[in-house]
Amino acid sequence: MEKKIIEAASWGKYIYRSEMERLNFDQRIEDDDSGVRYFIYSSQWLASLYVVIEGWESLKFSSGRIDKLLSAYDDYVLTVKRCRNAVYHFQRDVVDKRVDKAVGDIHLLIWAGALLDEFARFLFMYPISIHGLCEESLHLQKEYLGLIGWVPKNENLLKWFEVLVSISQYYQGSNPELLERNPENDRIIKNVLQKLEVSEINPYISQLSRL
């Protein structure tokens, strides 16, 4: 397997950690949007997101949608970096004012959700995005998903992921009752995947005014 694809799968572990931190935040502060618990769980999530951003920049990936989220909100990128530093380095103050301001910014949290979902989508499409849709890339995709070892928990991403799995099964002939393999259906499947790649499945995007 190519080094770049192995590195992408490794980066996926950090996306998974950030996703778990987000879910932990959502579940634990559902009825408590203030105080220490909110501060701890929200700052933990934002700190973990910055590690994903570091991986993105280190691996020199590129995606129009993600690059725009990062460039249009470069101040937010700096803020989550500060969260990472504050969470994982000892601070003498009881509450870091920079982090306290960050976790209280609802627009920053919306941006963070949008960015994390886009990172996950890029991750799961990576082998196909660099090699195109063909039997070889789908075989590689299957091995790659095994390396990643998790699937999205987000409902919209999960539906999108299930379609991708069905397309893979079609090409591999492992689900013939789904759709018969023939040239016409190959064309249809390619069109579906092209639409899937550009589809808007991120509910946070429409709430961001700078895009």
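**View 1. Arg-22 and Asp-117 meet side chain to side chain.** A polar contact of 2.6 Å links these two side chains; the term stands for a pair of N or O atoms within 3.5 Å, where within protein one must be able to donate a hydrogen and the other to accept it, and where residues adjacent in sequence count only if both atoms are side-chain atoms. This is a predicted model, in which local features need pLDDT of at least 70 and side-chain atom pairs count only at pLDDT 80 or more, while totals for chains, interfaces and linings use all residues. Residues are numbered from 1 along each chain as its sequence is written, and side-chain values use heavy atoms, with hydrogens and water left out. Arg-22 sits in helix α1 and counts as buried because its relative accessibility is 4% (buried means under 20% relative accessible area, exposed over 50%, partly exposed in between, with a 1.4 Å probe and protein chains only). Setting aside neighbours within four places in sequence, Arg-22 is in contact (heavy atoms within 4.5 Å) with Trp-45, Gly-113, Leu-116, Asp-117 and Tyr-204.

**View 2. Helix α1 carries Ile-6 and a set of buried residues.** Helices (H or I, at least four residues) and strands (E, at least two) are DSSP runs, numbered from the N terminus. Helix α1 covers residues 3–28, and its 26 residues reach 38 Å from first C-alpha to last, close to the 38 Å expected at 1.5 Å a residue; the expected span is 1.5 Å times one less than the number of residues. Among its buried residues are Ile-5, Ala-8, Trp-11, Ile-15 and Phe-25. Ile-6, in contrast, is partly exposed, with a relative accessible area of 41%.

**View 3. Met-1, Ile-6 and Leu-147 make a nonpolar surface patch.** Together these residues offer about 260 Å² of accessible area, computed by the Shrake-Rupley method with a 1.4 Å probe, where for residues only the protein chains shown count as cover. Patch members have over 30% relative accessible area and no salt bridge; like charges are joined within 9 Å and nonpolar side chains (Val, Leu, Ile, Met, Phe, Trp, Tyr) within 5 Å. A salt bridge is a side-chain nitrogen of Lys or Arg within 4 Å of a carboxyl oxygen of Asp or Glu.

**View 4. Ala-102 is tucked into helix α5 as a buried residue.** This helix spans residues 97–103, and Ala-102 has 3% relative accessibility. Beyond the residues up to four places away in sequence, Ala-102 touches Leu-46, Thr-79, Cys-83 and Leu-108. The C-alpha atoms of Ala-102 and Arg-82 are separated by 9.2 Å, with their positions 20 residues apart along the chain.

**View 5. Helix α8 gives way to Gly-173.** The 18 residues of α8 (residues 155–172) should span 26 Å, and the end C-alpha atoms are 26 Å apart, which agrees. Buried residues of α8 include Trp-160, Phe-161, Leu-164 and Tyr-171. Gly-173, which follows α8, has a positive phi near 70°.

**View 6. Arg-181 reaches Asp-186 from the loop between α8 and α9.** The two side chains make a polar contact of 2.7 Å. Arg-181 is partly exposed, at a relative accessible area of 34%. Arg-181 and Tyr-170 lie 11 residues apart in sequence and 6.9 Å apart in space, C-alpha to C-alpha; Tyr-170 is one of the buried residues of α8.
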